Structure formats: structure tokens, C-alpha cells
Amino acid sequence: MTKLAKLLIEHIKNSGPISLAEYMGECLLHPKHGYYSTRDPFGADGDFTTAPEISQMFGELLGLCLAQTWLQQGSPERFILAELGPGRGTLMADVLRATKGVPGFHAAAQIILIEASAALQKIQRETLADYDVTWVGTIGEVGAAPLYLLANEFFDALPIHQYIMEDTGWRERLVGVADGELVFGASGADDLPPLAHRRKDCRNGDLVEVCGAATAIASEIAARIAEHGGAAIILDYGDWRSLGDTLQALRNHEYDSPLAHPGQADITAHVDFEALAVAAVSHTPVTKMIHQGELLKRLGIDQRTEVLAKGLEGANLESHMSAHHRLTDPTEMGTLFKAIAFYPNGATPPPGFSQ
Ligand code: SAH
């Protein structure tokens with residue numbers, strides 16, 4: 001049993017069952033035993049690999065997309081270049097390398113990384129040692145200026161609540177203790193006004209996920225873009241309007257039961273892109289959701305793959321070509337991952353996206 005499991009069992013025995021959101025929050029970010037607080041989870045030695053860790057092309061293309069958006073908006077002379085949940089800092093490093101040649105872009109940019117884990121902040125500091133970077137813990141701490149923001153596999157790490165529909169209302173899925181072990185349970189049924197619209201497309205027994213943290217952050221980003229200009233590009237795995245249990249735990253590149261190793265497995269849930277769009281749209285226009293593979297192709301990944309391939313041979317060439325496949329192919333990340341963007345009223349969407 002993990003140290004965090006012991007602490008949670010103790011806490012639940014004293015104060016009663018906790019919500020899944022509280023459980024997930026503790027698993028990922030408990031200051032001493034949380035998954036992100038204690039390790040570098042990425043890459044072959046870690047539990048999972050993300051798009052920027054697969055190929056430099058991912059960050060290069062998104063960097064140029066943001067720079068083009070900045071140019072389209074009249075090149076504001078002071079702006080914030082921000083990333084939510086930057087992992088190892090690889091994506092931002094690739095963005096900065098690719099945009100070096102865009103006249104005035106670096107000089108105008110204040111680079112801000114929004115990162116809750118001190119352990120990952122330290123790794124980001126090493127990756128980005130050549131740049132002047134500021135770290136903050138929340139989007140609320142970012143200053144007032146045009147905001148050009150990226151978030152890749154950030155929203156899937158935010159704590160979700162799960163509700164099951166019944167005749168009498170919604171039961172919330174809770175984490176309790178039985179026979180000294182963590183187990184799933186459920187609250188009494190309640191009428192939940194924010195889920196009223198889901199009674200139409202759900203049947204009794206269906207499970208719906210709600211991520212309050214995600215909608216609050218999406219709304220805050222969009223409000224800033226509406227006021228100051230900029231754009232946000234959000235990429236993640238998930239779909240338009242989630243339905244069903246998508247909670248998953250990954251440990252050593254293998255699926256694990258979400259309650260089995262709290263603090264030692266990555267716990268995520270699919271992102272509900274409709275919820276993000278609804279949260280943003282009262283502030284800014286929101287683009288159509290698009291598959292990651294399609295977005296990268298529109299941004300020129302096929303051409304970039306060819307250019308880089310010319311300088312490679314043998315195993316390096318093979319791994320480069322397989323990275324292109326992993327990022328874009330429908331059997332890999334191409335359609336499982338989606339993207340959406342927020343942009344100011346009266347502006348055009350970032351390149352690759354459509355209204
Ligand atoms: N974007 C990176 C890493 C994704 S993992 C990549 O694509 O490789 C999720 C990242 O979000 C980690 O850096 C994690 O520490 C951070 N994170 C998770 N919850 C957070 C929160 N509530 N606030 C800020 N950062 C958070």
C-alpha cells in the first residue's frame with residue numbers, strides 16, 4: 001500500500017468518503033506524495049509519453065501558429081507567451097527555437113509557465129536555462145497583457161467529479177474505505193441543476209463527468225483574451241461532450257486500477273471539449289474542435305517531416321518517420337487527441353483552425 005493510500009484511508013475513516021475530485025487532486029498534487037510532486041513521469045523510463053516528447057515538430061508547428069496569430073493581431077509590442085502544465089518544458093523550448101526568426105516576437109514576449117509541481121518546475125528551469133522565464137502556480141497570477149497560451153495534456157490532469165443518473169436525481173461517485181482498502185461508493189441521489197441539460201441525452205445508470213476546475217480555467221483564459229487580445233490553443237485527449245467513465249490510471253506504461261496506487265500512477269480523464277467551449281464562449285469566439293492529426297497537417301507537418309528527414313539516416317530516420325505517424329495517424333494520436341482555440345472578437349482564428 002502506498003504512503004498516500006494510508007493517509008487517505010486514515011482521513012476517510014475520520015471524516016467520511018471523499019469526492020473523486022478530491023481523491024484525484026491528492027493523488028496528483030499532494031505536496032509530499034503526489035504523482036507530479038515527486039517525479040518526472042515522462043518518456044521511456046516514466047509512465048507515459050506526450051506529443052512534445054515524441055517529436056520537436058509538435059512544438060515548432062504550434063510555436064509558428066502562435067507567432068502567426070500574433071502577427072495577424074498587429075504584433076502587440078508586449079505580450080505574454082504562456083503554457084499551462086509544461087511538463088519537462090520541451091514544448092516551450094521547441095516553440096522558442098522555432099520562433100527565433102520571427103522579427104520582434106521574442107523581444108515582445110514575456111514567457112510565463114503555469115506549473116503546480118515544484119519537481120517539474122526544476123526540470124523546466126534546466127530545459128529553458130537560456131531564456132528569461134517566470135513561473136506561477138495559477139492562471140490568475142498572469143499579468144494583464146495580450147495572452148498567447150498553449151496547453152497540451154493539461155486539462156486531462158484536472159480533478160473530475162463523476163455523477164450517475166437515476167430516476168430520483170444524480171448520485172456522485174465517492175471514494176470510501178471497506179475492509180481497510182479504498183473502494184468506490186456513491187452519495188445519495190440529488191437534483192443537480194448544472195446537470196439538468198444532460199437528463200435529455202442520458203439514460204438511467206449513465207455516468208457523466210464534470211470538471212469544475214477545467215471550466216473555471218477556460219473561462220479565465222477567455223476573459224483575458226477578450227480584454228487584452230491573444231489566443232489560446234488547447235490540445236488533449238477527449239471529445240465533444242463526454243459520456244461514460246473515462247477515469248484512467250497509468251503506471252509504468254500500463255493501465256492500473258485508479259484506486260490501486262494513489263500517488264504512484266498518473267490519473268487522468270478525457271477532456272470534455274464542449275464544456276471548455278461553453279465556458280469560453282461568453283467571452284470569446286471558440287473555433288471548431290479539430291483532430292490533432294488534421295491540425296498538424298494543416299500547419300505543415302508533412303512538409304516539415306520531409307525537410308528534417310533529409311538530414312537523417314538509419315535508426316534516426318526511422319524514429320523520425322514513426323514520430324510523424326504517432327502524432328498524426330488515426331490509429332495513434334491523430335484522432336484520439338483534439339484541439340480547440342479561443343481568439344478575440346473580430347479577429348481571425350489561429351492558422352489551422354476554422355470558425
Ligand atoms: N504539457 C506537458 C505535460 C503534461 S502533464 C507535455 O505535453 O508533455 C500535466 C502537467 O500539468 C504537469 O506539468 C503537471 O505538473 C501540471 N499540472 C497538473 N495539475 C496542475 C494544476 N492544477 N496547475 C498547474 N499545473 C498543473
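**Note on the predicted model**

1. The structure holds 0 disulfides. This is a predicted model, and the point can be followed through two of its cysteines. The sulfur of Cys27 has its closest cysteine sulfur in Cys211, at 15 Å, which is too far for a bond. Cys211, for its part, is in no disulfide, and the nearest cysteine sulfur to it is that of Cys27. A disulfide would need the two sulfur atoms within 2.5 Å. Cys27 is buried, with a relative accessible area of 0%. Cys211 also counts as buried, at 16% relative accessibility, because the limit for buried is under 20%.

2. Strand 2 covers residues 79-84, and 6 of its 6 residues are buried. What lies on each of its faces? On one side are Phe79, Leu81 and Glu83, on the other Ile80, Ala82 and Leu84, and all of these are buried. The split into two sets fits a general rule. In a regular strand the side chains alternate between the two faces of the sheet.

3. Strand 2 has pairing partners in strand 3 and strand 5. With strand 3 (residues 109-114) the pairing is parallel and runs over 6 bridges. Within that pair, Glu83 stands opposite Leu113. With strand 5 (residues 147-152) strand 2 also runs parallel, joined by 5 bridges. There, Ile80 has Leu147 as its bridge partner.

4. Ser75 is in the loop that leads from helix 5 (56-72) to strand 2. Its phi is near 45°, a positive value in a residue other than glycine. Ser75 is partly exposed, with a relative accessible area of 28%.

5. Strand 7 (residues 169-178) has 7 of its 10 residues buried, so it is largely enclosed by the rest of the structure. Which strands pair with it? Strand 1 (residues 18-19) does so in the antiparallel sense over 2 bridges, and Ile18 has Val175 as its bridge partner. Strand 6 (residues 161-166) is joined to strand 7 by 4 bridges and runs antiparallel to it; here Ile164 is partnered by Arg171. Strand 8 (residues 181-186) is antiparallel to strand 7 as well, with 6 bridges, and Gly176 has Val183 as its bridge partner.

6. Two hairpins involve strand 7. One joins strand 6 to strand 7 through 2 residues. The other is formed by strand 7 and strand 8, again with 2 residues between them. In the turn of this second hairpin, Asp179 has a positive phi of about 50°.

7. An open sheet of 3 strands has the order 12-11-13, with antiparallel pairing. Why do strand 12 and strand 13 each have one side without a neighbour in the sheet? Strand 12 (254-256) and strand 13 (266-268) stand at the edges with a single partner strand each, so one side of each is left free of a neighbour in the sheet. Neighbouring strands of this sheet are turned by 35° against each other on average, direction ignored. Strand 11 (residues 248-251) and strand 13 share 3 bridges, and Ala249 stands opposite Ile267.

8. The loop between strand 11 and strand 12 contains Asn252. This residue has a positive phi of about 50° although it is not a glycine. Asn252 is exposed, with a relative accessible area of 54%.

9. Ala269 sits in the loop between strand 13 and strand 14 (271-272). Is Ala269 buried or exposed? It is buried, with a relative accessible area of 1%. Leaving aside residues up to four places away in sequence, Ala269 touches Met24, Asp156, Ile160, Glu209, Tyr237, Thr246 and Leu247. The C-alpha atoms of Ala269 and Pro159 are separated by 8.2 Å, although the two residues are 110 residues apart along the chain.

10. The last point is a pair of helices. Two packed helices are described by the angle between their axes and the distance between the axes. For helix 12 (residues 301-309) and helix 13 (residues 314-328), the axes come within 10 Å and cross at roughly 170°. The two helices are therefore roughly antiparallel to each other, because angles over 145 degrees count as such. From helix 12, the residues in the contact are Ile301, Asp302, Thr305, Leu308 and Ala309; they meet Leu317, His320, Met321, His324, Leu327 and Thr328 in helix 13. By type, the contact residues divide into 6 nonpolar, 4 polar and 1 charged.

Methods: Residues numbered from 1 in each chain as written. Predicted model: local features only at pLDDT ≥ 70, side-chain atom pairs only at ≥ 80, totals over all residues. Heavy atoms only, no water. Pairing = 2+ DSSP bridges. Axes fitted to C-alpha atoms, helices over the stretch in contact; angles between N-to-C directions. Buried < 20%, exposed > 50% of the residue type's maximum accessible area, 1.4 Å probe, protein only. Parallel < 35°, antiparallel > 145°, perpendicular 65-115°, else oblique. Contact = heavy atoms within 4.5 Å. Nonpolar A, V, L, I, M, F, W, Y, C, P; charged D, E, K, R; others polar.
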